[in-house]
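This report is written for a reader who meets the structure here for the first time. It takes up a few places in turn, beginning with a single residue and ending with charged pairs.

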Amino acid sequence: MDIQNLFRLDARVALVTGGSRNIGAWIAEAFIAAGAKVYISARKADACFAMAEKLGPNCIALPQDVSTVAGCKALAAQLAEHETKLDILVNNAGAAWGAPFDEFPESGWDKVMDLNVKSPFFLTQALHGLLKAAASHEHPAKVINITSIDGQRLNPWEHYSYQTSKAALIMLTKKLAAHLIREDIIVNSLAPGAFGSEMNKAARDHADTVAKGIPARRVGRPEDIAMGALYLASRAGDYVIGHTLNVDGGLVSAEFGGSIDA
């Protein structure tokens, strides 16, 4: 058994949305280290190009706002100008919104649901042809949706649309997996717990306090989520279909633990 090659991504082409920072950038960096050519997309062009330069010549920036169907189609068209196939799609771009129940706005509902649920579906749809071009029975294409443990458990924060969107994306992952496996396209989701990021400032700025409520007694490190993504993207994860892999230090499965905003 060739363990090393099971986790290699040589000659693979990947696209990571929300790839200019935090979880998206960590995943992109791991894919590049494993041999892939990685395209990253983000709404802010300057940040997208800066991260691509930082990650080196095997990282290419394709700035795009994927919060609309038109944006998803535009990103797919951009990628098609460079590649004839896509081996790995990581739907990572996402948003959160917090407000009291009586004040929660429609804009906060629509923005989060559009980017966190609608966009992964329509971007996968728009890239279906490139994914099929890469897929074979021996080397299936991969779609990885970045969900959250907050789609599986309650937290104390008033993030109504965020928790709903992540629960919906977990179910959408299962539905897409059941349909696309017939074309040798494998769909899974990766659910982070507490990782320090712009979206999770508590874990970023108060890691020691947050860690007290996590069975592993620490917040997540970049390599934790990156290696989860690498497992699902590589040959090592080919027999995992329609699954949500929790990378959360044991929080969801444990009988104890505090609440975090992931």
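## A residue in a loop

Ala 135 counts as buried, because its relative accessibility is 18% and the limit for buried is under 20%. The model described here is a predicted one. Ala 135 has its place in the loop that runs between helix H6 (128–134) and strand E5 (141–146). When neighbours within four places in sequence are left aside, the residues in contact with Ala 135 are Pro 140, Ala 141, Glu 183, Asp 184 and Ile 185. Glu 198, which is 63 residues apart from Ala 135 in sequence, is 34 Å apart from Ala 135 in space, taken from C-alpha to C-alpha.

## Two helices and a surface patch

Helix H4 (residues 69–80) packs with helix H5 (residues 106–126) at an angle of about 35 degrees, and their axes are 9 Å apart. The crossing of these two helices, H4 and H5, is right-handed. On the side of H4 the contact is made by Val 69, Cys 72, Lys 73, Leu 75 and Ala 76, while H5 contributes Lys 118, Ser 119, Phe 122, Leu 123 and Ala 126.

On the surface, Met 1, Ile 3 and Phe 7 form a nonpolar patch, and together they have about 360 Å² of accessible area. Phe 7 is found in the loop between helix H1 (3–6) and strand E1 (13–17), and with a relative accessibility of 32% Phe 7 counts as partly exposed.

## Salt bridges

How many salt bridges does a search of the whole structure find? The search finds 7 salt bridges, and the table gives some of them with the distance between N and O atoms.

| Salt bridge | N to O distance |
|---|---|
| Lys 37 and Glu 83 | 2.8 Å |
| Asp 150 and Arg 153 | 3.9 Å |
| Arg 235 and Asp 238 | 3.9 Å |

Lys 37 forms a salt bridge with Glu 83, and this pair links distant parts of the chain, since Lys 37 is in strand E2 (residues 37–41) and Glu 83 is in the loop between H4 and strand E4 (88–91), 46 residues apart. Lys 37 counts as partly exposed at 32% relative accessibility, whereas Glu 83 counts as buried at 11%.

In the pair of Asp 150 and Arg 153, Asp 150 is buried with a relative accessible area of 2%, and Arg 153 is buried with 18%.

Arg 235 counts as partly exposed at 43% relative accessibility, while its partner Asp 238 counts as buried at 16%. Lys 142, Arg 235 and Asp 238 are joined into one network by salt bridges that share partners.

How values were computed: Residues are numbered from 1 along each chain as its sequence is written. This is a predicted model: local features need pLDDT of at least 70, side-chain atom pairs count only at pLDDT 80 or more; totals for chains, interfaces and linings use all residues. Side-chain values use heavy atoms; hydrogens and water are left out. Patches are made of residues with over 30% relative accessible area and no salt bridge: like charges are joined within 9 Å, nonpolar side chains (Val, Leu, Ile, Met, Phe, Trp, Tyr) within 5 Å. Accessible areas come from the Shrake-Rupley method with a 1.4 Å probe; for residues, only the protein chains shown count as cover. A salt bridge is a side-chain nitrogen of Lys or Arg within 4 Å of a carboxyl oxygen of Asp or Glu. Helices (H or I, at least four residues) and strands (E, at least two) are DSSP runs, numbered from the N terminus. Buried means under 20% relative accessible area, exposed over 50%, partly exposed in between (1.4 Å probe, protein chains only). Axes are lines fitted to C-alpha atoms, for helices over the stretch in contact, and angles run from 0 to 180 degrees between N-to-C directions. A crossing is left-handed if the near helix is turned anticlockwise from the far one by less than a right angle, and right-handed if clockwise. Contact means heavy atoms within 4.5 Å.
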